[in-house]
There are 2 protein chains.
Amino acid sequence: MAICTVYSTHSLDSTCSISTPTKTHLGFNQKQVVFFTTGKRMVKRGGGYKITCSADKTVVIGLAADSGCGKSTFMRRLTSVFGGAAEPPKGGNPDSNTLISDTTTVICLDDYHSLDRTGRKEKGVTALDPRANNFGLMYEQVKALKDGIAVEKPIYNHVTGLLDPPETIKPPKILVIEGLHPMFDQRVRDLLDFSLYLDISNEVKFAWKIQRDMAERGHSLESIKASIEARKPDFEAYIDPQRQYADAVIEVLPTQLIPGDNEGKTLRVRLIMREGVKYFSPVYLFDEGSTISWIPCGRKLTCSYPGIKFFYGPETYFGNEVSVLEMDGQFDRLDELIYVESHLSNLSTKFYGEVTQQMLKHSDFPGSNNGTGLFQTIIGLKIRDLYEQILASKAAAPLEASKA
Amino acid sequence: MAICTVYSTHSLDSTCSISTPTKTHLGFNQKQVVFFTTGKRMVKRGGGYKITCSADKTVVIGLAADSGCGKSTFMRRLTSVFGGAAEPPKGGNPDSNTLISDTTTVICLDDYHSLDRTGRKEKGVTALDPRANNFGLMYEQVKALKDGIAVEKPIYNHVTGLLDPPETIKPPKILVIEGLHPMFDQRVRDLLDFSLYLDISNEVKFAWKIQRDMAERGHSLESIKASIEARKPDFEAYIDPQRQYADAVIEVLPTQLIPGDNEGKTLRVRLIMREGVKYFSPVYLFDEGSTISWIPCGRKLTCSYPGIKFFYGPETYFGNEVSVLEMDGQFDRLDELIYVESHLSNLSTKFYGEVTQQMLKHSDFPGSNNGTGLFQTIIGLKIRDLYEQILASKAAAPLEASKA
């Protein structure tokens, strides 16, 4: 298999070597010429494919969520943390699902649909069904990108419902694979340096869908209910179980501050962070490892009804030890947000107030005044930190090896 | 009235003046010769009374509680904070109720009973009834002591039930008046620099009485119940309402950690601290003014069943703004105590760990492993701080005056 043995080339004092292995990939069958190098990326066309190798192996992040559940907002928050804006590839297919920024490339896993819309209809499977997706190709291409090799990724055209000709994806510093199944296939899962699952409760999903499809698109309540119900069996069978593999889960629930509220306007959002994940130390409130509920609104901070309530504590999630940080309610003013930030620890910020600054910068993004925005921003900072730690560990590793 | 106008003598550059006012006191009727001085105490016999005047006006603390409710333990904790041990006056009445240490004199307000045991029986009043107590004398003598004048205080002999000949009480640095009615009479109340009410809930009182009177003294359950019931009407009429005037209340309740528990072994203790009291800033947990519940037992600290739970938050108590700090459960080990101390603020300690050190020093005192001991110790530290602030403000006042 074509991999960049980066550490050994480092210890060989930047000498490059060339290997010509042969391998059958599910998606492309060819000879690959791999240029080993350190510190910079080389691109060479070979049989119609760009092949790149880099000393800085790509960090791979998996983001799982149902469609229309805030993935794109999260991506915008994440790329903003790194200082750039994500845009579709220039000059390519206008219906490309890919977003590229200086550091990050986001690919949509819908591109690995093995069946197009007609095909799914004929076979009677939904897009959620693994049989409609090519996990072999997904694995091969994520693996290649992680190893610093460019790939020709298919494009699923959401407008036409067809599979368009592929686009070239170069290995970025950070590759985000987002979609329905980033943690479904074990081989793909094992490639992930960090994984996040956006878990929107049925109540909130329903409230949001009503808001969008009924108020804005004129759909009937019945048709909305029917469309949700139709997705449920496959969602529960194939998407939902991925939660157990996630390093972090953002759970979005109806508020508990207003009894009986189901409007989905005020939200209770839980950030579930797995313990013992390499390069990821969970955020905590006041006192690490203990159980705390906190209502910051009081004498020093006056919040409007129904206020804000935080919870933090250790829990068990799918048999794993996790730390949970929960926010119920929403911010009305800046001073509430900075006040909350001041009591959170392990945020991986580079300066005091960075969370607040990021939130304010994108105050027009959905969820900027509640836990979804706060926790997406925090996870963005944690991913930046994880990326920098991996980078640092790689820089240190060959040094250690040469000492030995 | 005989008062030491300390500030003016200070500003007169330590010149002493003598005044001979005449006043009828309820307890003693005489001419008083008052020696004004600064920084030291002069004692002169005059008509059988010692008269003392000092620049350091006595700080007066009121401590209200039902009999047998931990007042003496609190006194021992308080004097320990000041570094001395409290003992009965040397060479006096062996049945004296007074306790004296280097800084503190504790007088028992039972000494102001106007009716002895027989007298109360004849008139059909309990010791809780104001008619059995001489508030006029209580006021005059506390006032005199506060002004630096020694008094001849009566002694109520708890053994004989009779009023014994008086004992001389010199004005101490800190005078604690403890008993049933320190905040009952408005004149006495106005003399208090700080007041504390020990509020033991009926359930806990009952459990404690059973423990002591039934297990240790062989009383029957019925007689215990009857004696509690007999005290109730007067207690509710005259003692309990004093809570509204207290600067701090220590409330002792059954635990909520063990459902249905009424044994009185595990306790939920609440420290209710009034806001806006001069020289007294309430203790807080993590974040001043917000509402927090905290279970310190978790990954970093392992507590045995049923664990420990803290609560902190703003509340209203008798129409006044208060901060409440609550501890449910008990400490099993030192590391639990120091861990809790590390997260409390405004403790008025002189070094980190002083609360824990005080608690360990007296680990044999009742309540040392629960909130009663913790909060009594904390209040002891707060009183030391209050005393030092009053002292400092007096030292600064004449300086300010001479500048003006």
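What rotation superposes chain B on chain A? I looked this up before anything else. The model is a predicted one, and in it a rotation of 180 degrees, with 0.1 Å of shift along its axis, brings chain B onto chain A at an RMSD of 0.0 Å. I therefore noted the two copies as related as by a two-fold rotation axis.

Next I asked which residue of chain B comes closest to the rotation axis. My entry is B:Ser293, with its C-alpha at 2.5 Å from the axis.

**Chain A**

I then turned to chain A and looked up its secondary structure, which comes to ten helices and 20 strands. The chain has 404 residues, and I found 54% of them counted as buried. For contacts in chain A with a separation of 6 or more, I noted that 63% are between residues 24 or more positions apart. I also wrote down the accessible surface of chain A, about 17400 Å². Carbon and sulfur atoms account for 52% of that surface.

**The interface**

How many residues does each chain bring to the contact? I found 22 from chain B and 22 from chain A. I checked whether the two sides correspond: 100% of the interface residues of chain B are also interface residues in chain A, so the copies meet through the same surface.

The size of an interface is often given as the accessible area lost when the parts come together. For chain B and chain A I entered a buried area of about 1700 Å², with 44% of it from carbon and sulfur atoms.

I looked for salt bridges across the interface of chain B and chain A, and the rule finds zero. For polar contacts I recorded eleven residue pairs between chain B and chain A, with both residues at pLDDT 80 or more.

Which strands of chain B supply at least two residues each to the side that touches chain A? I listed strand E17 (291-295), strand E18 (308-317) and strand E19 (320-329). Of the elements of chain B, E17(B) gives the most to this side, with five residues.

**B:Gln211**

My last entry is on one residue of chain B. I placed B:Gln211 in helix H6, residues 202-216 of chain B. Is B:Gln211 buried or partly exposed? Its relative accessible area is 46%, so I entered B:Gln211 as partly exposed, the range for that class running from 20% to 50%. I also looked up B:Gln211 against B:Asn346, which is 135 residues apart from it along the chain. The C-alpha atoms of B:Gln211 and B:Asn346 are separated by 36 Å.

Note on methods
Residues numbered from 1 in each chain as written. Chains lettered and ligands numbered in written order. Predicted model: local features only at pLDDT ≥ 70, side-chain atom pairs only at ≥ 80, totals over all residues. Heavy atoms only, no water. Helix = DSSP H or I, 4+ residues; strand = E, 2+ residues; numbered from the N terminus. Buried < 20%, exposed > 50% of the residue type's maximum accessible area, 1.4 Å probe, protein only. Contact = heavy atoms within 4.5 Å. Areas by Shrake-Rupley, 256 points an atom, 1.4 Å probe, with all protein chains shown as cover. Least-squares fit on C-alpha atoms with pLDDT ≥ 70 in both. Buried area = accessible area lost by both parts, 1.4 Å probe. Salt bridge = Lys/Arg side-chain N within 4 Å of Asp/Glu carboxyl O. Polar contact = N/O pair within 3.5 Å; in protein donor to acceptor, adjacent residues only side chain to side chain.
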